[in-house]
Amino acid sequence: MSENKLFWKEYNEKLIILEKEILDFNNTNEFNFIEDSFYPHVRDLSALVITNLANSNKHPYLRVLDYGSNTLSIANLKNKIPTQEIKYVIYDPFNSNYSKSKDLDFIDYYVVSDHKELEQQYFDLTIFASSIQYIPEVFDIFGKSYIINSSQILFTRTPLSLGEELIVKQHSSYKGDQQCYSYHELKEFFQEQNFDLVFKSALSPEFAAVSKKYLDKVVYANLLFSRRS
């Protein structure tokens with residue numbers, strides 16, 4: 001296993017402790033567990049996008065793909081939105097032996113580690129939550145039918161370059177490279193694929209964990225693209 005894969009595998013395993021804390025809290029309280037830092041903002045954004053699509057969905061279930069994520073992303077949905085009509089798929093390439101948790105039985109979900117399992121599937125919503133900066137040649141992924149046929153595509157807490165693409169060192173517990181793809185190139189790509197950018201917001205660029213000399217060149221962004229009717 002490569003050093004990067006080992007880091008992310010161990011990172012996701014550590015999140016299980018926080019996930020249990022959130023689930024225990026949500027099982028005994030009326031309102032949701034309050035996460036640290038910018039997470040209340042981005043988690044609520046994802047929840048609102050999901051519930052808005054679910055309310056307008058013509059099919060029995062809303063199908064969501066969370067690309068490059070983990071089950072922590074759904075742990076705090078319980079006291080926020082109805083989840084009975086959601087089918088949630090998490091693509092986690094670093095976890096090939098996942099066993100379902102009974103504490104997450106409030107939502108229909110499963111975890112896949114092989115992207116081939118996503119082919120021939122349709123998703124109403126695809127979410128990239130702080131993941132594309134670790135994916136080389138990510139535009140090849142964007143062109144996959146199971147992503148590009150989504151009704152909406154949501155990016156949260158994603159470092160993007162305001163100019164040309166940048167490859168920079170990340171200054172956090174992860175010390176490897178991250179690719180800050182060009183915001184303008186990303187926007188143009190999805191516009192050419194019949195999507196409109198219907199929402200955008202920025203978090204503090206310091207959360208992008210880049211060197212100070214790059215802070216004015218990077219936006220730590222939330223973006224929502226919606227397919228034109």
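## What lines the largest cavity

Three elements, H2, strand S4 (125-129) and strand S5 (152-161), each put at least two residues into the lining of the largest cavity. H2 gives the largest share, with four residues. This is a predicted model, so keep that in mind as you look at the cavity and everything else here.

The largest cavity holds about 140 Å³ of space, and 15 residues line it; Val 42, Arg 43, Ser 46, Ser 73 and Tyr 88 are the closest to its centre. By the rule used, the count is one cavity of 30 Å³ or more. As for chemistry, the lining splits into six nonpolar, five polar and four charged residues.

## Helix H2

H2 runs over residues 39-56. With 18 residues, H2 spans 26 Å from its first C-alpha to its last, close to the 26 Å expected at 1.5 Å a residue.

Which residues of H2 are buried? They are Val 42, Arg 43, Leu 45, Ser 46, Ala 47, Val 49, Ile 50, Thr 51 and Leu 53. Val 42, Arg 43 and Ser 46 turn up again among the residues closest to the centre of the largest cavity. Asp 44, also in H2, is partly exposed instead, at a relative accessible area of 36%.

## The largest pocket

Now for the open space: the largest pocket takes in about 1200 Å³. Its lining counts 47 residues, and the closest to its centre are Trp 8, Gly 68, Ser 130, Ser 131 and Tyr 134. H1, H2, H3 and strand S7 (177-180) are the elements that give two or more residues to this lining.

H1 supplies the largest share of the pocket lining, eight residues. By type, the lining of the largest pocket comes to 24 nonpolar, 15 polar and eight charged residues.

## Salt bridges

Side chains of opposite charge can pair when their charged atoms come close. How many salt bridges does the structure hold? There are seven. One of them joins Lys 80 and Asp 44, at 2.7 Å from N to O. Lys 80 sits in the loop between helix H3 (72-75) and strand S2 (86-91) while Asp 44 belongs to H2, so this pair ties together parts that are 36 residues apart in sequence. Lys 80 is partly exposed, with a relative accessible area of 23%.

Another bridge links Asp 108 with Lys 87, whose closest N and O atoms are 2.7 Å apart. Here the link runs from strand S3 (residues 108-112), home of Asp 108, to strand S2, home of Lys 87, so the pair ties together parts 21 residues apart in sequence. Asp 108 is partly exposed at 33%, and Lys 87 is partly exposed too, at 24%. Asp 177 and Lys 169 also meet in a salt bridge, at 3.3 Å from N to O. Asp 177 has a relative accessible area of 39% and Lys 169 one of 47%, so each falls in the partly exposed range between 20% and 50%.

## Two serines with positive phi

Most residues other than glycine have a negative phi. Ser 37 has a positive one, near 55 degrees. Ser 37 lies in the loop between H1 and H2 and is exposed, at 52% relative accessibility.

Ser 130 likewise has a positive phi, near 50 degrees. Ser 130 lies in the loop between S4 and helix H4 (138-142). Is Ser 130 buried or exposed? At 15% relative accessibility, Ser 130 counts as buried, and it is one of the residues closest to the centre of the largest pocket.

## H1 and confidence

Lys 5 lies in helix H1 (residues 3-28) and is partly exposed, with a relative accessible area of 46%. Lys 5 and Asn 95 are 90 residues apart in sequence, yet their C-alpha atoms are 9.9 Å apart in space.

How far can you trust the coordinates? The chain averages a pLDDT of 91, and 97% of the residues score at least 70. Confidence is lowest in H1, at a mean of 83, and highest in helix H6 (residues 183-192), at 98. Where pLDDT is low, the predicted coordinates should not be read in detail.

Notes: Residues numbered from 1 in each chain as written. Predicted model: local features only at pLDDT ≥ 70, side-chain atom pairs only at ≥ 80, totals over all residues. Heavy atoms only, no water. Salt bridge = Lys/Arg side-chain N within 4 Å of Asp/Glu carboxyl O. Buried < 20%, exposed > 50% of the residue type's maximum accessible area, 1.4 Å probe, protein only. 1 Å grid on protein atoms, 1.4 Å probe; cavity = no way out; pocket = protein on both sides within 12 Å on 5 of 7 lines; lining within 4 Å. Points joined across faces, edges and corners; volume = space filled by probe spheres on them. Nonpolar A, V, L, I, M, F, W, Y, C, P; charged D, E, K, R; others polar. Expected span 1.5 Å × (residues − 1). pLDDT = per-residue confidence, 0-100.
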